[in-house]
Amino acid sequence: MSVVIRVVDLSEWTGEVPVANAPRLFDQGVRGVILQAWGSGHNPGRRNEFFHESVDAFRQAGITKIDPYIWPPSDWQAAIAWIGDYKRFCAGALYLDVESGAGVNDAIVNGVWAAGWEPRIYASPSSWNEIHGNTTRYADLKLWLARYLLRFQRPDGYYVPGFDVVFPR
């Protein structure tokens with residue numbers, strides 16, 4: 001029997017996660033977070049300045065299943081350095097975000113393993129197919145399948161995902 005938990009995906013785009021908001025997420029049943037540590041939109045090589053503060057807020061709220069994701073995956077070494085000793089607060093996986101032309105390869109996957117993290121893939125079906133085609137090369141890695149409900153367009157042209165997702169019980 002598998003266990004399903006409610007997990008949210010947050011990035012620099014969602015901004016600072018104040019300590020006051022993390023308990024509300026916990027009260028709504030959120031027990032895990034996939035949190036962007038590195039990369040932002042079309043600007044590779046940027047650390048999420050809210051990462052460490054967000055990890056602290058979630059931990060204080062009782063949300064302890066926290067794993068970072070990074071983009072582009074080729075920046076894995078810099079990203080791991082940015083995460084630093086906060087690795088001790090993470091569940092052990094490092095999600096490699098496949099989108100905007102950034103894919104994965106054996107050197108990245110093996111490097112992440114060697115650094116003591118479990119590499120996982122973070123992708124939407126369209127991003128994966130655009131970059132990697134129909135390959136099943138990394139089918140042995142766990143997958144966070146991104147699904148976006150694009151409902152609200154911001155003035156800068158980016159979309160804000162809708163939050164009317166039905167989570168399994």
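The legends below accompany views of a predicted model, beginning with the whole protein chain and then turning to helix α5.

**View 1. The protein chain as a whole, with five helices and nine strands**. Read along the sequence, these elements are arranged in the pattern β-α-β-β-α-β-α-β-α-β-α-β-β-β. Of the 169 residues in the protein chain, 42% are buried, while the area that the chain exposes comes to about 9,500 Å², of which carbon and sulfur atoms supply 53%. Among contacts with a separation of 6 or more, 71% are made by residues 24 or more positions apart in the protein chain.

**View 2. The buried side of helix α5, which spans residues 125-132**. Ser127, Trp128 and His132 are the buried residues of this helix; because they cover an arc of only 95° around the axis, they lie on the same side of α5. An α-helix has 3.6 residues a turn, so residues three or four places apart point the same way. The cover over the buried residues of α5 includes two strands, β5 (93-98) and β6 (118-123).

**View 3. The opposite face of helix α5, with Ser126 and Glu130**. Both residues are exposed, and they sit on the face that is turned away from the buried side of α5, whereas Trp128, within the same helix, is buried.

**View 4. The residue that follows helix α5, Gly133**. The phi of Gly133 is positive, near 65°, and the helix that precedes this glycine ends at residue 132, a histidine that belongs to the buried set of α5.

Note on methods:
Residues are numbered from 1 along each chain as its sequence is written. This is a predicted model: local features need pLDDT of at least 70, side-chain atom pairs count only at pLDDT 80 or more; totals for chains, interfaces and linings use all residues. Side-chain values use heavy atoms; hydrogens and water are left out. Buried means under 20% relative accessible area, exposed over 50%, partly exposed in between (1.4 Å probe, protein chains only). Helices (H or I, at least four residues) and strands (E, at least two) are DSSP runs, numbered from the N terminus. The arc is that of the directions from the helix axis to the C-beta atoms. Contact means heavy atoms within 4.5 Å. Accessible areas come from the Shrake-Rupley method with a 1.4 Å probe; for residues, only the protein chains shown count as cover.
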